[in-house]
Amino acid sequence: MNNKNIDFKIRTSDLDSYVNELLRNIKEGIIDIEQVPITEIIDRYLRYVIQNKSTIDLSIAGKTIAEISLILKIKSENLLPKLEVKTSEEEDGEYNDFMISKEKEAYLQEYDKFQKVVEYLKEREGTQNNIYFPAIENNDKEGSVEIQKVDLADLLTSLEKVLQNKKKEDYILFKKRTFTTASKMKEIINLLKCGKKGLSFDYFMERAQSKLEIIVIFLALLELIYLRKIRCYQNKSFDKIMFNLKGDALKLKKNQETIQDGAI
Amino acid sequence: MLVYNNPLTLDKIKEVTGLEKRRSRSIINELISKYDDDSRPFRIYEIAGGYKLGTKPQYSVWVKKILENKRKHQISKAALETLAIIAYNQPVTRLEIEKIRGVSCSGVLFNLLKHKFIKISGRKKALGNPLLYKVTDFFLMHFGLKKINDLPKLSEIGIK
């Protein structure tokens, strides 16, 4: 009886195969489901079953029907609009893209805002360009020169000398570090407030207990110069490198002195 | 005012003359209206938290000729953008400026610092302790502003 079903072969202009072969080819993507005339196959098979109803084994006929139904299902699913199921990662990605685009939009808006401010400033600059103030030779070095006659190379050379002169430590004693660059910066400011004529580079370095402390003090000095809190200068060539207060720190010192004078 | 390089503040006047601030202000206001009314080619400008003598705009044609058309600082668009961002958000870090502008600002900041339009006002207590930038009195002088709050609110220049 098995042969009876095998005898049912689909023969159209494009196809010439058994149902199970056809299903396998569809699943493997060899045959495009679009090209399968499913109604024609069903019609032919039903006619075949009716013609051979007395001899056909129903269990095998049923199997072929199941295979044809599967083809029908595949075809109908193919006709339906595709519903994309997104993984959580894809969804996260899309959400992030959305957020990034939102963020970009916000920045663009912010940028556009400043374009109007730029126009305003340009306008003001144009008006101000017609006003001239007396030109005076600029002797005010406040805020412009932090290091007078001393450059970074001089400071580094001095640091190198200090480090070389420091005795090599035979053993390292592990101690809890009690200083930071910030604390050293405060310490330097406080020391400079007391030293009226300014303090030398060596003065700060001699206070250090270890090489690490020397480096931290050096960094603190550089930071203070950068923040324009202190001034670094040399009175003459090859003289000691000196530091004193400037800017806000100096004002603070003056205020303190005034308060002290008042108290006396 | 003629010889002082920076705008003369009421504090400075008090320090020099001993006059009370209120008295100095009223005298200066008198002078301002006097110079504005007559045909003098200069007037007193209230600028960058102080007072400064300057030429009246209508005489700029002749002043330019004397100065042989020597132009004042001309600020590039990139620098103006950076200044605008700093002025409205100060103190601000380089990264915050770059986030708005979308391009690197190191070079522009360096030039603005060099020409004293901005200054370093400290470090932000954040990862890496970035430097904070602020505009200077020179910025106020360049744009003819009395103080930073004189910058118009964003809503006043048509920004929602």
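**Exercise 1.** What percentage of the 160 residues of chain B count as buried?

*Solution.* Keep in mind that this is a predicted model. To count as buried, a residue needs 20 or more other C-beta atoms within 10 Å of its own. By that test, 26% of the residues of chain B are buried.

**Exercise 2.** Work out the order of helices and strands in chain B.

*Solution.* Begin with the totals: seven helices and five strands. Then walk along the chain from the N terminus, which gives α-α-β-β-α-α-β-α-α-β-β-α.

**Exercise 3.** Describe the open sheet of three strands in chain B, and find the helix that packs on it.

*Solution.* Step one is the order, 3-5-4, with antiparallel pairing. Step two is the edges: strand 3 (92–93) and strand 4 of chain B each pair on one side only. Step three looks at one pairing, where strand 3 and strand 5 (residues 131–135) of chain B are joined by two bridges; Val92(B) has Tyr133(B) as its bridge partner there. Last comes the helix: helix 4 of chain B touches strand 3, strand 4 and strand 5 of chain B, and its direction makes about 95° with that of strand 5.

**Exercise 4.** Characterise the side of chain B that touches chain A.

*Solution.* First count the contacts: 34 residues of chain B meet 25 residues of chain A. Next, list the elements giving two or more residues, among them strand 2 (50–55), helix 3 (60–66) and helix 5 (94–101) of chain B. Helix 4 of chain B gives the most, with seven residues. Finally, sort this side of chain B by class, and you get 19 nonpolar, nine polar and six charged residues.

How values were computed:
Residues numbered from 1 in each chain as written. Chains lettered and ligands numbered in written order. Predicted model: local features only at pLDDT ≥ 70, side-chain atom pairs only at ≥ 80, totals over all residues. Contact = placed C-beta atoms within 7 Å. Helix = DSSP H or I, 4+ residues; strand = E, 2+ residues; numbered from the N terminus. Nonpolar A, V, L, I, M, F, W, Y, C, P; charged D, E, K, R; others polar. Pairing = 2+ DSSP bridges. Axes fitted to C-alpha atoms, helices over the stretch in contact; angles between N-to-C directions. Buried ≥ 20, exposed ≤ 12 C-beta atoms within 10 Å, placed from the backbone.
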